[in-house]
Amino acid sequence: MIGILGAGSLGRLWAALLPQHQVAFLPRPDADPAPATLSYTFESIQDGQHTISLPWLQSPDDLSLLLVTTKAGDTLDALQHWLPQLRESVPVVLFQNGLGSQQRVADAWPARPILAASTTEGANRPEPNRVVHAGIGETWVGPLTPSARPKLAGVVAQLATTGLVVHAEDQILPRLWQKLVVNAGINPFTAILDCPNGDILANDFFLSHIDSLCNEIAELMAAEGIGIPTPGELRQRIEAVARNTARNTSSMRGDILNRRRTEIDFINGYLVQLGSRLDIPTPVNQLLTDKVKQLSPH
Ligand code: NAP
């Protein structure tokens, strides 16, 4: 049985595409006595609309793989409840954006097979029980702890049964950084300016901070040994993604509009913390973090 911890947009996307008799959702510890199943409408890109009905997990002993699709800020707490109940050999795949939460999990359970995934699949939930596969992408999965290495091929094969494109990635950290760069350069601007991704490109606030932001990120990446990108390359990458997703609402803007906690602590906030550890100044990341936090309910 494949367990899904975090029955939100991304968790329900994977759940809808995996072989149905092999998937169960893990309930919140504070959930009311749960109904036996979770049902929702799934709008697939290729096959139209389906009703999905999947069980809540009855026995943790049944799990052979755990996909963790909570937000970054909820992940450690959610796993602290469940991992002590799972066999030590069960691979755990972390799907969170940003950085920081993955390392906390790997540090907390270094002997367990912990993997991280970086995905460009897009899913959203316009209504509580309707999930839309909004964009086809690709997913890279790689090991964070030594015992995850021998599990990688099997995990990728299980995830690929969805029909989604899934790659094994030995070096997952640089992949996570690539996505972090784009998120750090787009999400806070869209949240602060309350605009779709493409509209940041001509905005004075973006134009006056983007080069300094890219300088900070390039210096951090070089210090961490994640390649030696030039600030100009980072800016080009950020602007290309903003152009290609011009009408999209970023998850951070969506969180602010829906009065939910954002993942800023794991995006620009992570870069600020890393900078303070490495003694690299990060004033633009700090400014963006502060401004997003002022808009956020928590
Ligand atoms: P989401 O819709 O907010 O889903 C998160 C789910 O986790 C919610 O259903 C939440 O329940 C649940 N949860 C929180 N704490 C929990 C706990 N202790 N135990 C069990 N469940 C718990 O977020 P999402 O869009 O799916 O994103 C999840 C992660 O994937 C984020 O890090 C995001 O950056 C990343 N990601 C998402 C996408 C995407 O297209 N959506 C793409 C790439 C990466 P409640 O609803 O009850 O709060």
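This is a short dialogue on reading a predicted model, from its sheet to single residues.

Colleague: Start with the sheet. In what order do the 7 strands of the open sheet stand?

Modeller: The order is β2-β1-β5-β6-β7-β10-β11, and the pairing is mixed. Look next at the edges. β2 (23-26) and β11 (165-168) stand there, each with a single partner strand, so one side of each has no neighbour in the sheet. From one strand to the next, the twist averages 25°.

Colleague: How do I read one pair inside that sheet? Take β7 and β10: how many bridges, and in which sense?

Modeller: Read the direction, then the register. β7 (residues 114-119) and β10 (residues 138-143) pair over 5 bridges in the antiparallel sense. For the register, find Ser118, which stands opposite Trp140 in β10.

Colleague: And which helix packs on the sheet there, touching β7 and β10?

Modeller: That is α5, whose direction makes about 35° with that of β7.

Colleague: Why should I care which face of a strand a side chain is on?

Modeller: In a regular strand, side chains alternate between the two faces of the sheet. Keep that in mind when you look at a helix lying on a sheet.

Colleague: Which strands does α1 lie across?

Modeller: Helix α1 (residues 9-17) lies across β1 (2-5), β2, β5 (65-68), β7, β10 and β11. Against β2, α1 runs at about 160°.

Colleague: Is α1 mostly covered or mostly open?

Modeller: Mostly covered, with 7 of its 9 residues buried. Those residues are Leu10, Gly11, Arg12, Leu13, Trp14, Ala15 and Ala16. Note that Arg12 is on that list.

Colleague: Now a hairpin. Which strands form one, and how many residues lie between them?

Modeller: β3 and β4 do, with 3 residues between them. Strand β3 (residues 37-44) runs antiparallel to β4 (residues 48-55), and 8 bridges join the two. Use Phe42 to fix the register: its opposite in β4 is His50.

Colleague: How do I check a helix? What span should the 13 residues of α10 have?

Modeller: Use the rise per residue. At 1.5 Å a residue, helix α10 (residues 283-295) should span 18 Å. The end C-alpha atoms of α10 are 19 Å apart, which agrees.

Colleague: Which residues of α10 are buried?

Modeller: They are Val284, Asn285, Leu288, Thr289 and Val292. These cover an arc of only 135° around the axis, which puts them on the same side of α10. Pro283 and Gln294, on the other side, are exposed.

Colleague: What covers the buried residues of α10?

Modeller: The cover includes α5 (172-193), α6 (204-224), α8 (251-257) and α9 (268-278).

Colleague: Last, single residues. Is Asn183 in α5 buried or exposed?

Modeller: Asn183 has 8% relative accessibility, so it counts as buried, the cut-off being under 20%. Beyond its neighbours within four places in sequence, Asn183 is in contact with Asn97, Pro188 and Ile267.

Colleague: Where is Asp194 found?

Modeller: In the loop between α5 and α6. Asp194 counts as partly exposed because its relative accessibility is 42%.

Colleague: What does Asp194 touch?

Modeller: Set aside its neighbours within four places in sequence, and Asp194 is in contact with Phe189, Arg253 and Leu257. Look at Arg253 in particular: a polar contact of 2.9 Å joins its side chain to that of Asp194. By contrast, take Phe95: it is 99 residues from Asp194 in sequence and 26 Å away in space, C-alpha to C-alpha.

Key:
Residues are numbered from 1 along each chain as its sequence is written. This is a predicted model: local features need pLDDT of at least 70, side-chain atom pairs count only at pLDDT 80 or more; totals for chains, interfaces and linings use all residues. Side-chain values use heavy atoms; hydrogens and water are left out. Two strands pair if DSSP finds at least two bridges between them. Helices (H or I, at least four residues) and strands (E, at least two) are DSSP runs, numbered from the N terminus. The expected span of a helix is 1.5 Å times one less than its number of residues. Buried means under 20% relative accessible area, exposed over 50%, partly exposed in between (1.4 Å probe, protein chains only). The arc is that of the directions from the helix axis to the C-beta atoms. Contact means heavy atoms within 4.5 Å. Axes are lines fitted to C-alpha atoms, for helices over the stretch in contact, and angles run from 0 to 180 degrees between N-to-C directions. A polar contact is a pair of N or O atoms within 3.5 Å; within protein, one must be able to donate a hydrogen and the other to accept it, and residues adjacent in sequence count only if both atoms are side-chain atoms.
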